Amino acid sequence: MVIIVSKIFILSLFVIICFGRIVSLDAGIVLDWAKVSKVVNKNSQEESTLIGKITINSSNVHFRVVQAEDNFYFLSHDEDGNDSAKGSIFLDYRNDVWDEKLLIYGHNSEIWEDAPFHFLEYYLNNEYANTHRYLLFEGDHFSFWYELFTVMVVTSDYHHINLKFDDNTYYEHLLWLQQQSRIDIPLVLREHDSILLMQTCYYDPKPSYLVLGFRKR
């Protein structure tokens, strides 16, 4: 069995979940996952919400997006609240679907090809990325089309996960995200574009993160 490694923001701390431990990269604190999991399960199970569904164009890829009161719960639970090593695909707990920047997370694996976000690896192929560059994110009261603008492999400098900007820094952030792309995507970003990022684990190099960025059309 492979343990999935994920980095998320929770309680204003940048943490890494790895081999049953939670390590705060800010404070160097090591917590016991089993103890934290009990608290997370108790607090989050009744607060989890189905947000919507994402469909990728020209493919059979479609999945539901959920959200809890934290970024822990759906790392180890399916949509129905059952324990699951593969977890669920979920929206950052700090987000609302109307935000200018959305963060969505899901697990990947070196051995589980049916891991929720394993298909993101296909986007490292330029032909595949350009053929499947549109996605539809829809729910009961919204329907948004997005277009791919970056495919990043992140090993350090985790600014892609920031959600707080002012008018001067947001556009710089958009351009920075695009400049990190591993493939060529000829898309001109606009100053106030809303974006959606999908993040999962990656293994070349190990450990790293694969991040896809989509601009709202």
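Two strands pair if DSSP finds at least two bridges between them. Keep that in mind as you tour this predicted model.

**Stop 1: the hairpin.** Select β9 (residues 134-139) and β10 (residues 142-154). They pair in the antiparallel sense, over six bridges. Two residues sit between the strands, and together β9 and β10 form a hairpin. Now pick Y134. Across from Y134, in β10, stands E147.

**Stop 2: the other neighbour of β9.** Add β5 (residues 49-56). Four bridges join β5 to β9, and these two strands also run antiparallel. Click I54. Its bridge partner in β9 is F137.

**Stop 3: the core.** Stay on F137 and add L196. Which residues touch the most other members of the largest nonpolar core? F137 and L196 do, in a core of 58 residues. Strand β10 gives the most to this core: nine residues. In soluble globular proteins, nonpolar side chains tend to be buried together.

Next, show what surrounds L196. Leaving out residues up to four places away in sequence, L196 touches I54, L102, I104, L135, F137, Y146, L212, G213 and F214. You have met two of these already: I54 and F137 are bridge partners.

**Stop 4: a loop residue.** Jump to N71. Find N71 in the loop between β6 (62-67) and β7 (90-91). Is N71 buried or exposed? N71 is buried, because its relative accessible area is 0%, and buried means under 20%. Show the side chain of N71. A polar contact of 3.2 Å joins it to the side chain of D92. A polar atom of the N71 side chain also lies 3.0 Å from the backbone nitrogen of Y93.

Methods
Residues numbered from 1 in each chain as written. Predicted model: local features only at pLDDT ≥ 70, side-chain atom pairs only at ≥ 80, totals over all residues. Heavy atoms only, no water. Buried < 20%, exposed > 50% of the residue type's maximum accessible area, 1.4 Å probe, protein only. Polar contact = N/O pair within 3.5 Å; in protein donor to acceptor, adjacent residues only side chain to side chain. Core = buried A, V, L, I, M, F, W, Y, C linked by side-chain atoms within 4.5 Å. Contact = heavy atoms within 4.5 Å.
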